[in-house]
Amino acid sequence: MSNQNLSGRTAVVTGSTSGIGAATAHALAARGARVVVTGRDATRGADVVAGIESRGGSALFVAGDLAASPVALRELAASWSAALDGRVDILVHNAAVCPAVDTVSLSDADLETTLAVNVRAPQVLTAVLAPAMAANGSGAIVVIGSWMATVGHAFVGFYSATKAAEAQLARSWAAEFGPSGVRVNTVAPGATRTPINEGSDDVITRMTATIPAGRPGRPEEIAEAVAWVVSDDASYLHGALIPLDGGITATR
Ligand SMILES: NC(=O)c1ccc[n+]([C@@H]2O[C@H](COP(=O)([O-])OP(=O)(O)OC[C@H]3O[C@@H](n4cnc5c(N)ncnc54)[C@H](OP(=O)(O)O)[C@@H]3O)[C@@H](O)[C@H]2O)c1
């Protein structure tokens with residue numbers, strides 16, 4: 001019998017002030033989880049929380065910058081746990097930055113921030129939060145990957161490399177924490193219309209016109225998959241990478 005009910009569970013979705021993260025926060029809350037919405041933008045965060053509450057869900061906003069130092073990230077993780085009465089059952093590493101440039105044009109500042117938000121933060125936050133999940137004997141961690149991590153593309157190469165690194169971290173975490181009841185998986189979206197690619201509408205339309213789905217993804221379509229992955233329905237799913245990309249990687 002299907003069981004995607006998340007009542008009694010707590011969740012943190014990084015980068016949930018926007019796009020796929022906001023949709024994921026909604027999807028988890030709709031299934032009964034109490035959700036920490038987090039990001040830097042308090043106004044957008046409050047909007048997401050209000051939207052969840054207006055649908056009868058439970059959420060709160062905790063501001064945080066994932067480009068911060070490991071010490072500050074550990075404090076942020078502690079504040080998430082405190083806001084959730086000391087227990088984080090579900091952690092979705094969704095926040096990412098994608099400087100829209102080629103290899104030669106990537107600035108030093110963008111290089112550092114991309115590495116920090118996309119790789120260092122998931123590493124530090126998992127190191128803080130996964131052991132408590134393991135001690136409880138249950139938990140779910142999801143990395144939001146990208147179709148771009150598995151193909152060569154003459155643009156955003158450094159971003160693609162960080163998404164490949166995140167997916168590899170997820171496989172290692174599955175090996176490390178899986179035996180203690182913590183399931184770790186990656187959901188890898190294809191081109192999805194969100195603020196991260198605002199201004200690239202034509203490119204996205206062209207890129208997806210000839211894929212099996214024939215169109216870009218919607219944030220809600222990614223969020224539904226994440227909600228399944230963290231649910232008991234996916235109890236045998238460990239270390240998987242699910243391409244949720246309209247078929248772009250399979251047919252490219
Ligand atoms: N959209 C696509 O086509 C696509 C395709 C494949 C994979 N993905 C992946 O999907 C995930 C979500 O992307 P999206 O398209 O939904 O992007 P988005 O709408 O731009 O959202 C990015 C989120 O990351 C947060 N964030 C960025 N920098 C941060 C920082 N320094 N500290 C804390 N939070 C930070 C932002 O929050 P604040 O602004 O509030 O800080 C925002 O909530 C990413 O992992 C991305 O790689 C997206």
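Here is a chat between a student and a tutor about this predicted model.

Student: Let's start with the ligand. How many residues surround the ligand?

Tutor: To count here, a residue needs a heavy atom within 4 Å of the ligand. The closest ones are Ser18, Arg40, Asn94, Tyr159 and Thr194. The full count of residues around the ligand is 32.

Student: What is the make-up of that shell by class?

Tutor: Sort the shell into three bins, and keep in mind that Gly goes in with the polar ones. The charged bin gets five residues. The other two bins hold 13 nonpolar and 14 polar residues.

Student: Which backbone atoms make polar contacts with the ligand, say at glycine 15 and leucine 66?

Tutor: For a polar contact we want N or O atoms within 3.5 Å of each other. At glycine 15, a polar backbone atom is 2.9 Å from an oxygen atom of the ligand. At leucine 66, the ligand atom is a nitrogen, and the backbone partner is an N or O atom at a distance of 2.8 Å.

Student: And how far is the side chain of asparagine 197 from an oxygen atom of the ligand?

Tutor: Here we look at the side chain of asparagine 197, at one of its N or O atoms. The cut-off for a polar contact is 3.5 Å. The distance from that atom to the ligand oxygen is 3.1 Å.

Student: What share of the ligand's accessible area does the protein cover?

Tutor: Picture the ligand on its own, with 890 Å² of accessible area. Now put the protein back around it. The covered share is 94%.

Student: Where does the ligand sit, and which elements give two or more residues to its shell?

Tutor: The ligand takes up the space of the largest pocket. Two helices give two or more residues each to the shell around it. They are α1, residues 19-30, and α5.

Student: Let's look into α5, then. Is lysine 163 buried or exposed?

Tutor: Lysine 163 has its place in helix α5. Buried means under 20% relative accessible area. Lysine 163 comes in at 2%, so it is buried.

Student: What does the side chain of lysine 163 touch at 2.9 Å, in the backbone and among side chains?

Tutor: A polar atom of the lysine 163 side chain lies 2.9 Å from the backbone oxygen of isoleucine 144. There is also a polar contact of 2.9 Å between side chains. That one joins lysine 163 to glutamate 166.

Student: Is glutamate 166 buried or exposed?

Tutor: Glutamate 166 is in helix α5. Its relative accessible area is 1%. With a cut-off of under 20% for buried, glutamate 166 is therefore buried.

Student: Okay, on to backbone angles. What is the phi of aspartate 85, and is the residue buried or exposed?

Tutor: Aspartate 85 sits in the loop between α3 (70-83) and β4 (90-93). It is not a glycine, yet its phi is positive, about 55 degrees. Exposed means over 50%, and because aspartate 85 has 73% relative accessibility, it counts as exposed.

Student: How about valine 156: what is its phi, and is it buried or exposed?

Tutor: Valine 156 is in the loop between β5 (139-144) and α5 (157-177). Its phi is positive too, at about 45 degrees, although it is not a glycine. At 5% relative accessibility, valine 156 counts as buried.

Student: Which residue is 99 residues from isoleucine 196 in sequence but 7.6 Å away in space?

Tutor: Isoleucine 196 lies in the loop between β6 and α6. Its relative accessibility is 47%, so it counts as partly exposed. Its partner, going from C-alpha to C-alpha, is valine 97.

Student: How far apart in space are glycine 190 and isoleucine 222?

Tutor: Glycine 190 has its place in the loop between β6 (182-189) and α6 (201-209). It counts as buried, at 10% relative accessibility. Along the sequence the pair is 32 residues apart, while the C-alpha distance is 9.2 Å.

Student: Last one: what separates the C-alpha atoms of alanine 46 and leucine 60?

Tutor: Alanine 46 is in helix α2, residues 42-54. At 41% relative accessibility it counts as partly exposed. Leucine 60 is 14 residues away along the chain, and the C-alpha separation is 8.0 Å.

Conventions:
Residues numbered from 1 in each chain as written. Predicted model: local features only at pLDDT ≥ 70, side-chain atom pairs only at ≥ 80, totals over all residues. Heavy atoms only, no water. Helix = DSSP H or I, 4+ residues; strand = E, 2+ residues; numbered from the N terminus. Buried < 20%, exposed > 50% of the residue type's maximum accessible area, 1.4 Å probe, protein only. Polar contact = N/O pair within 3.5 Å; in protein donor to acceptor, adjacent residues only side chain to side chain. Areas by Shrake-Rupley, 256 points an atom, 1.4 Å probe, with all protein chains shown as cover. 1 Å grid on protein atoms, 1.4 Å probe; cavity = no way out; pocket = protein on both sides within 12 Å on 5 of 7 lines; lining within 4 Å. Sits in = over half its atoms within 2 Å of the grid points.
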